Amino acid sequence: MFTSVSVFASLPRTTRGTPLVLGGDPKGKTILYPNGNSIIIRDIENPSICDIYTEHATLTTVAKYSPSGFYIASADQHGKVRVWDTTQKEHILKNEIQPFSGVIKDLAWSSDSQRIVAVGEGRQRFGHVFSMDTGTSIGEISGHSKIINSCDFKPSRPFKIVTGSEDTFVGIYEGPPFKFKSQLQDHNRFVQAIRFSPNGDLFASAGFDGKLFIYNSNDYSKVAELGSPAHKGGIYAISWSPDSKHLLSASGDKTCKLWDVAAAAVVTEFTLGNDVPDQQVSCLWQEPYLLSVSLSGFINYLDKNNPGKPLRVIKGHNKSITAMTVTPSPSSEEEKTIFTGSHDGFVTHWNSKTGDHDRVDGDQHTNQVQDMYPLKDQVLTCGLDDTLRSIDLKTNQYSTSFTPIKLSAQPKGIAALPGSNLIVIAGVNELLVYEGQQPKSSLKIKYEASSVDVHPNQKEVAVGDASDKKVHIYTLEAGQLTENKSLEHRGGVSSVKYSPDGNYLAAADANRKIILYKSGDYSLAHDYEWGFHTAKVNCLAWAPNSKTLASGGLDTNLIVWFPGEPNKHHIIKHAHPQSQVTRVAFLSDNMLVSTGQDATVRTWLIESK
């Protein structure tokens, strides 16, 4: 009854001071990165094509393709490594191994795709080598006294493993079975990245001391130091070119550098900004693409010919999406623009058909975006920084003519009276009415408001009550709110929405129920119990024709309801796997868009029988 049309994936989840490890398809077509409980597989040439693996029970940390390309090994904070198939859509699990208890920071495959080394922060040990088929031990990674941050397998025989640790040492292991062979100590701070060249002749180590060393793989002698030091800040990641002649490095000094290894010289320096979010925490060489990841989560396509400006920057969200609305596209009535706001205060606009997107710049929210409401030429946004702001739909940027309004109560929802410039804001303990940018009235309330909506034809306002488990109905006259009715629920009300034709009011609550009222007398519209969610209902949305209602919940499900046939509904189970649905909206009468705590945007086609 429904079809998944598109998935607009989240960005990599980044942490200041912590490297991000990118994985790459051996064929050079896709990249891998973790976000939340998910592993994102993303096409490099067309990033709107993606796949998301969601079978980990806790936060993922790293994922790598096997050299054969048939399997991916992904790891998480609890020390589990899952090996799964890449050739089928279901991603069948090959094996699950727990090499140690603790955070896995990095892993690497042997060139025959049979062995895996995993390193990190274990309680008994910091690394382990095991068979991907059986999980049996093939050696110990010993000799380090602190967390191991990085590891790599020599891509040619005889097999060797190198590791980089917070004890400043580079460890060398030979096998199988793998045993400690030697240590190198040229770094004076944490070693953050270590990688063999694709031909296996050399390996490079990089650290938070900004130094970058090249070693011979046979006798472990130091071949060269690149730069003195290579970067002014700590180096977070390195990646070799396929021909083993060049090396790409990413640093907290907000630059990436392309090195000629034989000459031990910089070929190109890429400058990627001046602010803290522009620190470079990862890089990957996937011929012909040179990629880096900023602390902001942005994925940069580096341009050798113009190092001051990337060829392309992939933006979006890497934190939970908390607000969404849909507006007609300026170029086409059929296309819609999706606006999404996230937990960290950023707003992104998306083309609903192509997935093309960009960040909304300007005077942004400094805290979580709480709600959005579309008007004719602007989108109003409110956030937990207690401000009301406006996005200009002509530029898709925050309006320079709309001064952010500091609100007297923390906003929970926003709505506007059609055909006027009256705006109603539901605060935690106060209802506010504005006419344009001017305050019109305020009404103190003795409950905690959760949401608000305005009747499309009548001067009536519905406010959801999260504390007293009610829906409060107000009359809006001359900019003043007067309560005239309250409707009882069995759980705190989380969302209220009037149908576009004004015939219905839908209210969702924490007791898993959705109650449909007739507007006017607010009597029940039917006798059926709409209680098919298994946890709190977070959000509601009506189709433009008022014939369909959609709901999203804490249970990860989307449900589509039909007021004309109240005994009928469609459930989209695990619409956002392992992630609650935070917002839902209609792009058309049969096209739905949803957002989740997983920071992804998904579109759905509803098919009628």
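What percentage of the 609 residues of the protein count as buried? The answer is 59%, where buried means under 20% relative accessible area, exposed means over 50%, and partly exposed is in between (1.4 Å probe, protein chains only).

A note before the views: this is a predicted model, in which local features need pLDDT of at least 70, side-chain atom pairs count only at pLDDT 80 or more, and totals for chains, interfaces and linings use all residues. Residues are numbered from 1 along each chain as its sequence is written, and side-chain values use heavy atoms, with hydrogens and water left out.

**Figure 1. The whole protein, with zero helices and 56 strands.** Helices (H or I, at least four residues) and strands (E, at least two) are DSSP runs, numbered from the N terminus. The radius of gyration is 27 Å, close to the 25 Å that the globule rule gives for 609 residues, so the protein is as compact as a globular protein of that length. That radius is taken over C-alpha atoms, and the rule is 2.2 Å times the number of residues to the power 0.38. Along its principal axes, the C-alpha trace spans about 85 × 50 × 40 Å. Take the contacts (heavy atoms within 4.5 Å) with a separation of 6 or more: 44% of them come from residues 24 or more positions apart.

**Figure 2. The surface and charges of the protein.** About 24000 Å² is exposed, and carbon and sulfur atoms supply 46% of that area. Accessible areas come from the Shrake-Rupley method with a 1.4 Å probe; for residues, only the protein chains shown count as cover. As for charge, there are 60 positive and 64 negative side chains, and the centres of the two sets lie 3 Å apart. Lys and Arg count as positive and Asp and Glu as negative, while His and the chain ends are not counted. Each charge is placed at NZ of Lys, CZ of Arg, CG of Asp or CD of Glu.

**Figure 3. An open sheet of four strands, in the order β2-β3-β4-β5.** Strands of a sheet pair through backbone hydrogen bonds, either parallel or antiparallel. Here the pairing is antiparallel, and two strands pair if DSSP finds at least two bridges between them. At the edges sit β2 (23-24) and β5, each pairing on one side only. Two bridges link β2 with β3 (residues 30-35), and G24 has I31 of β3 as its bridge partner. Further along, β4 (residues 38-43) and β5 (residues 50-53) share four bridges and make a hairpin with six residues between them. In that hairpin, R42 is bridged to C50 of β5.

**Figure 4. T30, a residue of strand β3.** With 13% relative accessibility, T30 counts as buried. Leaving aside residues up to four places away in sequence, T30 touches G23, G24, D25, I41, R42, D43, I44, Y65 and Q286.

**Figure 5. The hairpin that joins β54 to β55 through two residues.** Strand β54 (residues 581-588) has six of its eight residues buried, so it is largely enclosed by the rest of the structure. Six bridges tie β54 to the antiparallel strand β55 (residues 591-596), and V581 has G596 of β55 as its bridge partner.

**Figure 6. F586 in strand β54.** F586 is buried, at 8% relative accessibility. Not counting residues up to four places away in sequence, its contacts are V326, A541, W542, A543, P544, T548, A550, M591, L592 and I606. T603 is 17 residues from F586 in sequence, and the two are 9.2 Å apart in space, C-alpha to C-alpha.

**Figure 7. Two cis peptide bonds, R157 to P158 and E287 to P288.** For the bond between R157 and P158, omega is about -5°. P158 sits in the loop between β14 (148-153) and β15 (160-165). For the bond from E287 to P288, omega is near 5°. P288 belongs to the loop between β26 (280-286) and β27 (289-294).

**Figure 8. Positive phi at S244 and K469.** S244 is not a glycine, yet its phi is about 65°. You'll find S244 in the loop between β22 (235-240) and β23 (246-251), and at 8% relative accessibility it counts as buried. K469, another residue other than glycine, has phi near 60°. K469 is in the loop between β44 (460-465) and β45 (470-477) and is partly exposed, with a relative accessible area of 37%.
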